[in-house]
Protein chains: 2
Amino acid sequence: MEFHQLRYFCAIADSGGFSRAARLTHVSQPSLSQQIHKLEEELGAQLFDRIGRTVRLTELGRAFLPRARALLSDLEAARSAVAESSTSITGSVCVGVIPTIAPYFLPPLLATFSRRYPQARVTVVEEITPLLLERMRSGAIDVAVVAVPLQARGHEFQTFPLIEEKLYAALPKRHALAKRKSITLGELHDEPFLLLRDGHCFRETAVAACKRARVQPKIIFESGQFSSILSMVCAGLGVSIIPAMALEKRNGCQFVPLEDGRATRAIGAVTLNGRSLSRVQQAFLTHLTAKIASKPAHPAQ
Amino acid sequence: MEFHQLRYFCAIADSGGFSRAARLTHVSQPSLSQQIHKLEEELGAQLFDRIGRTVRLTELGRAFLPRARALLSDLEAARSAVAESSTSITGSVCVGVIPTIAPYFLPPLLATFSRRYPQARVTVVEEITPLLLERMRSGAIDVAVVAVPLQARGHEFQTFPLIEEKLYAALPKRHALAKRKSITLGELHDEPFLLLRDGHCFRETAVAACKRARVQPKIIFESGQFSSILSMVCAGLGVSIIPAMALEKRNGCQFVPLEDGRATRAIGAVTLNGRSLSRVQQAFLTHLTAKIASKPAHPAQ
DNA sequence: AGAATGGATAGGCATTGCCTATAGGACTAG
DNA sequence: CTAGTCCTATAGGCAATGCCTATCCATTCT
């Protein structure tokens, strides 16, 4: 049983004849005859009585007609549902973001996105990069905003660069170097360091910067968030390295740009390669990249 | 979009892979690949994400899946509804019958039929033959029980002979010939005749019998039913011709068989040629012919 | 690294759906 | 009653297509 057979059946039932139906469906009359015969054979019963030169539904055909109609209209409904869902911006986006980006970067973007696409439902997952990537692989997360480049195999994910921000040394206000215009990590080689816990990729970024400056940081405290670290810095317990977006006005804290030109953090949006994005998801990604382009990459302190 | 594509789609979604689905559906993996590609192309969107060597539904595919399932199960439902309705004896039969047969012949048959097929709904239409035939042509009546043979073109209707009954002269009890074992119409040529109204085919039967006996009946009364006529005969107003099944015990009336060997009425079941009968309708027809075979064609007076 | 697994692609074959032409019935008009 | 017409069924041919095998390519497991 095929859809076109059902179409022909309905057309014949509606128009009351094979020839009339043939004109309606733009199919030759013999084709209709043939397909209805096939259908009748498959069902093991006649759908039409051919009496004289008129055609009339059998009782069975009369019973079958509404079902055939329902099938056809459901087919149409399914087809147009697909068409609709590929034009309308509806549905949900699940965006993953690492903790060192989440509080500074995402909120304003989410606000504008929700205002622009009220139908869209956005959920945010805040995890460290490897967990985000794993959830991307499993399909739970659609887009991730993380530090780039990724370590993962080059072609497993697709990266959309967003911004690159400078790194700053965070010093207690009364620190000897706190008034400097810029600073090198070498100048801090004796200071106690406050860094993020292992697992946070920004820790690697900071450690890498230290390594470039041939500094082996003395880590005396590890935390999961910058605000804790900054509080410690204010209290004069040590120094830290902070990305531009995490700078916040604090009484006891001073931020000095690192001289190292490579001391930056690049942030990008990442999607699983080969994964098709729905319209909302695509829109979200576009929203990210577009909005960022018009945003200052290095906001003043 | 075709049913087999939907089947493949569901199989792949269920089994989680083309190869697995290929084993399930007994179709080669390339065929599945091909058909899904076609489907995706027609819909203008991907249904699956092929990531690495795993396959996962896209959001759209996830939305499409229940619709595809519904279509397939509705198809199955339609198919089995047809199968069921061609095995189960359910539904309605509309049987037409002429007034000169209806009261005598049908009631016991309807009773046994209804007892045997309680699901069946039988409706009876009582009309004169030409109207019954017209309603057969329009499909309103499924089977008609009428006097045969029909005048109509030989192949328009199909006839199933049921019984052939003798004709009787109905005479007032005190009529001179009332005690005879048999009688010819010639012997009644001067009598006033009470006959059925024009349109009733038994009138033609009776008139034909008279014509054979070279009698021109003097018709003094016409009615639509035998019981009225018999009452008149009882009252001594005239004589009549009555088929065997219409004989009823009456005080003032005597029935004498006609000698004319051809003075009979044949009754048959008739269906429109080319018209397919449902199971109930077929069962009713069978019931008619079968039950009749075991019935005495000429019940004693 | 090599083997195994899974999907995509290419090419060939058989099926099939549609076409035109025509047969054959049945209704209609002269 | 016959010619004409209107309808469905059939026959035959052609192009499209669904399925197959063989193979490729990427991924994943050992």
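The legends below describe close-up views of a predicted model, taking DNA strand C before the contact between chain B and chain A. Because this is a predicted model, local features need pLDDT of at least 70 and side-chain atom pairs count only at pLDDT 80 or more, while totals for chains, interfaces and linings use all residues. Residues are numbered from 1 along each chain as its sequence is written, chains are lettered from A in the order in which they are written, and side-chain values use heavy atoms, with hydrogens and water left out.

**View 1. The protein surface near DNA strand C.** A residue is near the strand if one of its heavy atoms lies within 4 Å of it, and of the 25 residues around DNA strand C, those that come nearest are A:Tyr8, A:Lys38, B:Ser19, B:Ser33 and B:Arg53. On the DNA side, sugar and phosphate make up 65% of the atoms of DNA strand C that come within 4 Å of the protein. Sorted by class, this surface has 6 nonpolar residues (Ala, Val, Leu, Ile, Met, Phe, Trp, Tyr, Cys and Pro), 6 charged residues (Asp, Glu, Lys and Arg) and 13 polar residues (the others, Gly among them).

**View 2. Polar contacts with DNA strand C.** A polar contact is a pair of N or O atoms within 3.5 Å; within protein, one must be able to donate a hydrogen and the other to accept it, and residues adjacent in sequence count only if both atoms are side-chain atoms. An N or O atom in the side chain of A:Lys38 is 2.4 Å from a phosphate oxygen of DNA strand C, and a polar backbone atom of B:Phe18 is 2.8 Å from a phosphate oxygen of that strand. A base nitrogen of DNA strand C, in turn, lies 3.5 Å from a polar side-chain atom of A:Arg53.

**View 3. Chain B against chain A.** Contact here means heavy atoms within 4.5 Å, and 38 residues of chain B are in contact with 38 residues of chain A. The two chains bury about 3,000 Å² between them, 57% of it on carbon and sulfur atoms, where buried area is the accessible area (1.4 Å probe) that two parts lose on being put together, summed over both. In chain B, the residues that lose the most area to chain A are B:Phe3, B:Glu59 and B:Val82, together 17% of what that side buries.

**View 4. A salt bridge between the chains.** The count between chain B and chain A is 2 salt bridges, each a side-chain nitrogen of Lys or Arg within 4 Å of a carboxyl oxygen of Asp or Glu. One of them joins B:Glu42 to A:Arg79, with the closest N and O atoms 2.3 Å apart.
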